[in-house]
Amino acid sequence: MAYATTADVAKVITTTEDVSFFLEMAAMVVSEQLEDKGLSDLREKMIEVYLAAHYIAVTDPDTDLVKEKMGEAETTYKTPANSDNYRSTKYGIEAINLDWTGTLESSGRPKATVSIL
């Protein structure tokens, strides 16, 4: 069940993207990974907001605009250091911080593989 709204997401990130798609992704993660972890409805809602903002930030380059110059046009974007997990954006980090169960922190890490010779 989705708790957050597109208006909630608009409070933390500005974008021209359709927020509803990213909110659905966030709701899916919360529903499948966090719903039975004992988090309050309000905490799940805030995690949804920040996860939606995270998904927007990794797909919409305008959200990470660092510098823009008009004369001799120059545009610089922040590049995530580790774009394969939630720590790649400030929004993902906030979602991790809100999740006291540690589920989001561990879900973004690559899975270890074992080879038996």
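Which residues of helix 4 are buried? They are Y91, G92, A95, I96 and L98. The tour below returns to that helix after an orientation, and the reader should keep in mind that the model is predicted.

**Orientation: the whole chain**

Begin with the protein chain in cartoon view. Its secondary structure comes to five helices and two strands, and along the sequence the elements follow the pattern α-α-α-β-β-α-α. The chain has 117 residues, of which 34% are buried. Of the contacts with a separation of 6 or more, 64% join residues 24 or more positions apart. Displaying the surface shows about 7,400 Å² exposed, with carbon and sulfur atoms supplying 53% of that area.

**Stop 1: helix 2**

Select residues 19–34, which form helix 2. The end C-alpha atoms of this helix are 21 Å apart, in agreement with the 22 Å that its 16 residues should span at 1.5 Å a residue. Next, color the buried positions of helix 2: V19, F22, L23, A26, A27, V29, V30 and L34. Viewed down the helix axis, the buried residues fall within an arc of 160°, so they line one face of helix 2. An α-helix has 3.6 residues a turn, so residues three or four places apart point the same way. Rotate to the other side of helix 2 to find E24 and E32, which are exposed.

To see what the buried residues of helix 2 pack against, add helix 1 (6–10), helix 3 (41–59) and helix 5 (103–107).

Two residues in helix 2 merit individual selection. V30 counts as buried because its relative accessibility is 1%, under the 20% cut-off. Beyond its neighbours within four places in sequence, V30 is in contact with E35, E44, I47, E48 and L51. A distance drawn from the C-alpha of V30 to that of L104 reads 9.4 Å, although the two are 74 residues apart in sequence. The second is S20, also in helix 2, which is partly exposed with a relative accessible area of 28%. The C-alpha atoms of S20 and T6 are separated by 6.1 Å, with their positions 14 residues apart along the chain.

**Stop 2: an aromatic pair**

Remain in helix 2 and show the side chains of F21 and F22. The model has two aromatic pairs by count, and F21 with F22 forms an edge-to-face pair, at 5.4 Å centre to centre and 80° between the planes. Are both partners of this pair buried or exposed to a similar degree? F21 counts as partly exposed at 47% relative accessibility, whereas F22 is buried at 8%.

**Stop 3: helix 3**Select residues 41–59, helix 3. At 1.5 Å a residue, the 19 residues of helix 3 should span 27 Å, and its end C-alpha atoms are 27 Å apart, which agrees. Color its buried residues: E44, I47, E48, V49, L51, A52, A53, H54, Y55, I56 and A57. These buried residues pack against helix 1, helix 2, helix 4 and helix 5.

Center the view on I47. Leaving aside neighbours within four places in sequence, I47 is in contact with V30, L34, L39, A95, L98, D99 and L104. Then move along helix 3 to H54. H54 is buried, with a relative accessible area of 5%. Apart from neighbours within four places in sequence, the contacts of H54 are N85, Y86, S88, T89, Y91 and G92.

**Stop 4: the nonpolar core**

Which residues have the most contacts inside the largest nonpolar core? Select V9, I13, I47, L51, Y55, Y86 and L104, which hold that position in a core of 25 residues. Helix 2, helix 3 and helix 4 (90–98) are the elements that give two or more residues to this core. The largest share, eight residues, comes from helix 3.

**Stop 5: back to helix 4**

Finish with the helix of the opening question, and color Y91, G92, A95, I96 and L98, its buried residues. Seen down the axis of helix 4, these residues fall within an arc of 165°, so they line one face of the helix. Display helix 3 and helix 5 as well, since what covers the buried residues of helix 4 includes both. Two of the selections made earlier can be found again here: A95 and L98 are among the contacts of I47, and Y91 and G92 are among those of H54.

Key:
Residues numbered from 1 in each chain as written. Predicted model: local features only at pLDDT ≥ 70, side-chain atom pairs only at ≥ 80, totals over all residues. Heavy atoms only, no water. Helix = DSSP H or I, 4+ residues; strand = E, 2+ residues; numbered from the N terminus. Buried < 20%, exposed > 50% of the residue type's maximum accessible area, 1.4 Å probe, protein only. Contact = heavy atoms within 4.5 Å. Areas by Shrake-Rupley, 256 points an atom, 1.4 Å probe, with all protein chains shown as cover. Expected span 1.5 Å × (residues − 1). Arc of directions from axis to C-beta. Core = buried A, V, L, I, M, F, W, Y, C linked by side-chain atoms within 4.5 Å. Phe/Tyr/Trp six-rings, centres within 6.5 Å; stacked < 30°, edge-to-face > 60°.
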